[in-house]
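Trainee: Could you go through this structure with me and show how each label is earned?
Mentor: Gladly; let us set values against definitions, one at a time.

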Amino acid sequence: MSPTHPPAVTGFGRDSFPGRQLSRLALLLLLLALSLSATRAGELRAVDLRCEYEPAPIAIDVPHPRLSWVLNGDDRAQRQTAYHLLVASTLDRLEENQADRWDSGRVESAEQNQIAYAGRSLSANDECVWKVRVWNQDGQAGPWSEPARWQSGLPAPSDWKARWIEGSGSDPLP
């Protein structure tokens, strides 16, 4: 007598186990998500804008103040490859992207510190409002930064108009 074997059941081979199908589907979805995130780098933003190392300085007495910012990105290992600076005389003009003091245009550079102002000459007490945007390593432009400001001081001796304070009488002060 020959031993009897149960009939072969089709559709339940090694690869057709429901748990294995789910794990393959999960792996496929994970690989798809990773490839999509790798092709679209996160946004890179300029924050903490400063002029001459201060957030909103008043009485800057240098003709070409140095501007700087810090990078903030969604992903690790992001880097800046270019920047664009706009400097205006009023916040309204800056919000309309009307850079009446300086428009750097896109500058291919990773520099983000000590960028010398290269706009029109500033007079005493001129107010400057500025913003910057940066591009990441994939050429993706980030959003414009929040505006920052600085005010020029009195750089020339002719700007200083003062007199000594004197007493009204002839008696010297004690």
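The conversation below takes up strands, a serine, and then some aromatic rings.

Mentor: Please keep in mind that this is a predicted model, in which local features need pLDDT of at least 70 and side-chain atom pairs count only at pLDDT 80 or more, while totals for chains, interfaces and linings use all residues. Residues are numbered from 1 along each chain as its sequence is written, and side-chain values use heavy atoms, with hydrogens and water left out.

Trainee: What makes β1 and β2 a pair of strands?
Mentor: Strands are DSSP runs (E, at least two residues), numbered from the N terminus, and two of them pair if DSSP finds at least two bridges between them. Strand β1 (residues 44-51) and strand β2 (residues 66-73) are joined by six bridges and run antiparallel, so the requirement of at least two is met. Within this pairing, Arg-45 stands opposite Asn-72 in β2.

Trainee: How do you know that β2 and β5 pair?
Mentor: Two bridges link β2 to strand β5 (residues 115-116) in the antiparallel sense, and Arg-66 has Ala-116 of β5 as its bridge partner. The three strands thus form an open sheet in the order β1-β2-β5, with β1 and β5 as the edge strands, since each pairs on one side only.

Trainee: Why is Ser-104 called buried?
Mentor: Ser-104, which lies in strand β4 (residues 102-108), has a relative accessible area of 18%, and buried means under 20% (with a 1.4 Å probe, protein chains only), so Ser-104 is buried.

Trainee: Which residues is Ser-104 in contact with, leaving aside its neighbours within four places in sequence?
Mentor: Ser-104 is in contact (heavy atoms within 4.5 Å) with Tyr-83, His-84 and Leu-85. A polar atom of the Ser-104 side chain also lies 2.8 Å from the backbone nitrogen of Leu-85.

Trainee: Why is the pair of Trp-102 and Tyr-117 called edge-to-face?
Mentor: A search of the whole structure finds three aromatic pairs. Rings of Phe, Tyr and Trp (its six-membered ring) pair if their centres lie within 6.5 Å, and planes under 30 degrees apart count as stacked, over 60 as edge-to-face and the rest as tilted. The centres of Trp-102 and Tyr-117 are 5.7 Å apart and their planes stand at 85°, so the pair is edge-to-face. Trp-102 is in strand β4 and Tyr-117 in the loop between β5 and β6 (127-136), 15 residues apart. Both residues, Trp-102 and Tyr-117, are buried, and together with Trp-150 they form one aromatic cluster.

Note on methods: Helix = DSSP H or I, 4+ residues; strand = E, 2+ residues; numbered from the N terminus. Buried < 20%, exposed > 50% of the residue type's maximum accessible area, 1.4 Å probe, protein only. Polar contact = N/O pair within 3.5 Å; in protein donor to acceptor, adjacent residues only side chain to side chain.
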